[in-house]
Amino acid sequence: RFIAKPCAINLGIQDSGPHRAQPNAILEKVFTSITKSPDGTRLEGLSKQLDWDVRKIQRWFRHRRNQDKPTTLTKFCESMWRFTFYLSIFFYGIRFLWTAPWFWDTRQCWYNYPFQPLTSRLYYYYILELAFYWSLMFSQFTDIKRKDFLIMFVHHLATIGLITFSYMNNMVRVGTLVLCLHDASDFLLEAAKLANYAKYQRLCDAFFMLFGVVFIVTRLGIYPFWILNTTLFESWELIGPYPSWWLFNGLLVTLQVLHIIWSYLIIRTASKALVRGKVSKDDRSDVESSSEEEDVTSNSTKGIFSTSSNGSNRLNGHVAGGQWTGE
C-alpha cells in the first residue's frame with residue numbers, strides 16, 4: 001500500500017482492469033447461475049435467442065471471466081511483497097548458515113542427534129518460514145485459481161508438514177538447508193514478474209532465464225545429491241532407521257517429484273523462447289486472451305510472460321508459479 005503501489009504508479013502501471021463485457025441480462029444469468037464456459041450446444045441456443053454470432057458470445061464470456069481477475073497493479077503489489085520476503089529470508093538464511101558447521105558438512109546434521117541446541121536465530125528462521133507458507137496455504141483459496149492449483153496445494157502441504165515435523169523432531173539443521181535451497185530461486189521469479197508488469201521485457205526474460213537455471217541446478221542437482229543424500233543415507237548410517245525416517249523422507253521425495261514437474265514446465269517455456277526468439281505465454285496463466293481466436297498474429301509481439309490484450313497476465317508462483325506461484 002505504501003511502497004509497492006507508489007512504485008507501480010511511478011513505473012506507469014495503471015489501476016485499470018480488463019475490458020469489461022457488454023451488459024446483457026440473459027448472458028449474465030447464464031454466467032452466474034449455470035456455467036462460466038458454455039459448451040457448443042448452449043452457445044448455439046444463446047446465439048438464436050439473442051440473434052448474436054457464436055464468436056461474439058464466446059468473446060462476451062471471455063471478457064466476463066476476465067473482468068473478475070485482479071488488475072496489473074494489484075498483481076505487481078503482490079509480487080513485490082513476495083519478492084521482498086523471498087529475498088530477505090534467503091539472505092537471512094545464507095548469513096545464518098554461513099557460520100553453521102552443517103552447511104559445509106551435512107553429516108553434522110546427525111551428530112549428537114536429537115540432543116542439538118535450538119538457537120534463537122534458528123528458531124526465528126523456522127517460525128518466519130512456517131508463518132509464510134501457512135499464509136500461502138490460506139490465500140490460495142481466495143486467489144485466482146490456476147492450472148497448477150493442485151500441485152501448489154500439495155507443495156504447501158508437504159512444505160508445512162516438513163517444517164512442522166522437522167521442528168517437532170529437532171531435525172532443524174537439515175530443515176534449514178532445505179528452506180534456504182528453496183528460497184534461492186523464488187525471488188528471481190518474482191523479479192521477472194515485476195519486470196513483466198512494468199513492461200521491461202528484456203529484463204523480464206533475463207530474470208526468467210536466470211530463474212530457470214538456478215531452479216534446475218538447485219532442485220534437480222543440489223537438492224537430490226546434497227539434501228536427499230544426507231536424509232536417506234547419511235542419517236541411516238549415523239543414527240540408524242529412526243521411527244519417522246519413512247515419513248520424513250517420503251515428504252522430501254514428494255517435493256522432488258514436484259521439482260521435476262516444474263522443471264519440465266520451465267524447460268518447455270524456455271524452449272519456446274529459443275525457437276521464437278522470446279519467451280512465450282506462461283502455461284499456467286490465470287487470464288485468457290480476449291482475442292484468442294481473432295488475432296493470433298499478436299503473439300509475435302509477446303514475450304515470456306506475455307501480456308494478453310486485456311493487459312493482465314500471470315506466472316506463479318512458483319512456475320510458477322505462481323503463485324508458477326511462485327510461487
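**Exercise 1. Which residues are exposed on the other side of α2?** Find them, and describe the buried side of this helix in the predicted model.

Solution.
Step 1. Locate the helix. Helix α2 covers residues 25–33.
Step 2. List its buried residues, using the cut-off of under 20% relative accessible area. They are Leu27, Val30 and Phe31.
Step 3. Look down the axis of α2. The buried residues fall within an arc of 95°, so they line one face of the helix.
Step 4. Turn to the other side of α2. The exposed residues there are Ala25, Lys29, Thr32 and Ser33.
Step 5. Find what the buried residues pack against. Their partners are α3 (40–50) and α4 (54–66).

**Exercise 2. Describe the surroundings of arginine 219, beginning with its place in the chain.**

Solution.
Step 1. Place the residue. Arginine 219 belongs to helix α10, which runs over residues 201–239.
Step 2. Decide whether it is buried or exposed. The relative accessibility of arginine 219 is 0%, so this residue counts as buried.
Step 3. Look for polar partners of its side chain. A polar atom of that side chain lies 2.9 Å from the backbone oxygen of histidine 182. The side chain of arginine 219 also makes a polar contact of 3.4 Å with the side chain of aspartate 186.
Step 4. Test the second pair as a salt bridge, for which the N to O distance must be within 4 Å. Arginine 219 and aspartate 186 do form a salt bridge, at 3.4 Å.
Step 5. Compare the positions of the two residues. Aspartate 186 sits in helix α9 (residues 172–197) and arginine 219 in helix α10, so the salt bridge links distant parts of the chain, 33 residues apart.
Step 6. Check the burial of the pair. Arginine 219 and aspartate 186 are both buried.

**Exercise 3. How many salt bridges does the rule give?** Describe the pairs that Exercise 2 did not treat.

Solution.
Step 1. Recall the principle. Side chains of opposite charge can pair when their charged atoms come close.
Step 2. Take the count. There are three salt bridges.
Step 3. Examine glutamate 237 and arginine 107. Their side chains form a salt bridge with an N to O distance of 3.2 Å. Glutamate 237 is in helix α10, while arginine 107 is in the loop between α6 (101–104) and α7 (120–139), so this pair ties together parts that are 130 residues apart in sequence.
Step 4. Classify both partners. Glutamate 237 has a relative accessible area of 54% and is therefore exposed. Arginine 107 has 24% relative accessibility, which means that it counts as partly exposed.
Step 5. Examine lysine 193 and glutamate 190. These side chains meet in a salt bridge of 3.3 Å, N to O. The two residues are three apart in helix α9, so about one helical turn separates them.
Step 6. Classify this pair too. Lysine 193 is buried, with a relative accessible area of 1%. Glutamate 190 is also buried, at 0% relative accessibility.

**Exercise 4. How many disulfides does the structure hold?** Add the burial of cysteine 109 and cysteine 204.

Solution.
Step 1. Take the count. The structure holds zero disulfides.
Step 2. Classify the two cysteines. Cysteine 109 is buried at 3% relative accessibility. Cysteine 204 is buried as well, with a relative accessible area of 0%.

**Exercise 5. Which residues does the UniProt annotation "transmembrane region" cover?** Describe the chain over two of the ranges.

Solution.
Step 1. Read the record. In the unreviewed UniProt entry, the annotation covers residues 83–103, 123–142, 207–226 and 246–267.
Step 2. Take residues 123–142. This range is 85% helix and 0% strand, and its end C-alpha atoms are 30 Å apart.
Step 3. Take residues 246–267. Here the chain is 100% helix and 0% strand, with 31 Å between the end C-alpha atoms.

**Exercise 6. Describe the backbone at proline 114, aspartate 51 and lysine 199, and place each residue.**

Solution.
Step 1. Start with proline 114. A cis peptide bond, with omega about 5°, joins tyrosine 113 to proline 114. Proline 114 lies in the loop between α6 and α7.
Step 2. Go on to aspartate 51. Its phi is near 60°, a positive value in a residue other than glycine. Aspartate 51 lies in the loop between α3 and α4, and at 70% relative accessibility it counts as exposed.
Step 3. End with lysine 199. Its phi is near 70°, a positive value in a residue other than glycine. Lysine 199 lies in the loop between α9 and α10, and at 69% relative accessibility it counts as exposed.

Methods. Residues are numbered from 1 along each chain as its sequence is written. This is a predicted model: local features need pLDDT of at least 70, side-chain atom pairs count only at pLDDT 80 or more; totals for chains, interfaces and linings use all residues. Side-chain values use heavy atoms; hydrogens and water are left out. Helices (H or I, at least four residues) and strands (E, at least two) are DSSP runs, numbered from the N terminus. Buried means under 20% relative accessible area, exposed over 50%, partly exposed in between (1.4 Å probe, protein chains only). A polar contact is a pair of N or O atoms within 3.5 Å; within protein, one must be able to donate a hydrogen and the other to accept it, and residues adjacent in sequence count only if both atoms are side-chain atoms. A disulfide is a pair of cysteine sulfur atoms within 2.5 Å. UniProt positions are given in the numbering used here, feature names are shortened, and annotations may be inferred rather than shown by experiment. The arc is that of the directions from the helix axis to the C-beta atoms. Contact means heavy atoms within 4.5 Å.
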